[in-house]
Amino acid sequence: MEITRQKFLVAATTALLIPQVEIAEAKSTVISRLPASKTRRFAWTIDDGASSSAVKTYLDIAEKGDNHLTLFVTSCYASWRDHSKQIARLLEAGKIQLGNHTVSHKDLTTVSQGEIKKQLYGCHLFMLEEFGYDARPYFRPPYGSTNPTVRAIAAELGYTVPTMWYGTFGDTGNTPEGRVVQLANKWIANGRIVIDHCNRTKSRHALDDIQGIIKARGLHSVTLTEAFGKNFK
Ligand SMILES: [Zn+2]
């Protein structure tokens, strides 16, 4: 029997809400590094999605190269719908992973408990509906801003891994590209989770430089699931 989109969503919603008992016990594990490995690797994570062309650029990097990317989706941006087919294909191929970065990027420590839930659950449902993809347990609180209430509510929804970072490319403001590359050069290293953004198109030159740094260090980027395994531990 064919599963309709509606039935799928109902099933997905129910699956999310059933484990109430486990929920009370759910604990968060905050991460900013990858587990030790014999392979030289790091996690290139990319947030937000304000620019559709920037999102496309990163999808193409994952599609054509050896670096697997984790994209933290802010679901109010149209970029994620614009590239829905390519995203679904890359998810299927294991070249990208998606994480929950809320619906509209509010600082979760400044809003009501109901709003925290709405922000996380709305983004969760978007990814289920658009890509048939369950992003749990990884979420990134906007601005890295979190507290015990945020972590507890996220954990109740199955988002038990607040994903922070060891270093940033510093591209949230109007950072000149040369500086972004300098910061990439500073922070990309074995075992680290680094944060980048797809809110403005970076030039091909800057992205080539960043990929050159990765290659020169004998590294490749892996998704969080590749590093932590299917059942996070
Ligand atoms: Zn963000």
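**Exercise 1. Work out what covers the buried residues of α5, and which residues those are.**

Step 1: look around the helix. α3 (52-64), α4 (79-82), β3 (96-100) and α6 (113-131) are among the elements covering the buried residues of α5, with contact meaning heavy atoms within 4.5 Å. Helices (H or I, at least four residues) and strands (E, at least two) are DSSP runs, numbered from the N terminus.

A quick word on the model: it's predicted, so local features need pLDDT of at least 70 and side-chain atom pairs count only at pLDDT 80 or more, while totals for chains, interfaces and linings use all residues. Residues are numbered from 1 along each chain as its sequence is written, and side-chain values use heavy atoms, with hydrogens and water left out.

Step 2: pick out the buried residues. In α5 (residues 84-93) they are Ser-84, Gln-86, Ile-87, Leu-90 and Leu-91. Seen down the α5 axis, they fall within an arc of 160°, so they line one face of the helix; the arc is that of the directions from the helix axis to the C-beta atoms.

Step 3: turn to the other side of α5, where Lys-85 and Glu-92 are exposed. Buried means under 20% relative accessible area, exposed over 50%, partly exposed in between (1.4 Å probe, protein chains only).

**Exercise 2. Find the protein donors of the zinc ion and place them in the chain.**

Step 1: list them. Asp-48 (OD), His-101 (NE2) and His-105 (NE2) lie 2.0 to 2.1 Å from the zinc ion. Donors are N, O and S atoms within 2.8 Å of the metal (3.2 Å for Na, K and Ca); water is not among the atoms, so sites may look incomplete.

Step 2: trace the chain. Asp-48 sits in strand β1 (residues 41-48) and His-105 in the loop between β3 and α6, 57 residues apart.

Step 3: check burial. Asp-48 counts as buried at 6% relative accessibility, and His-105 does at 16%.
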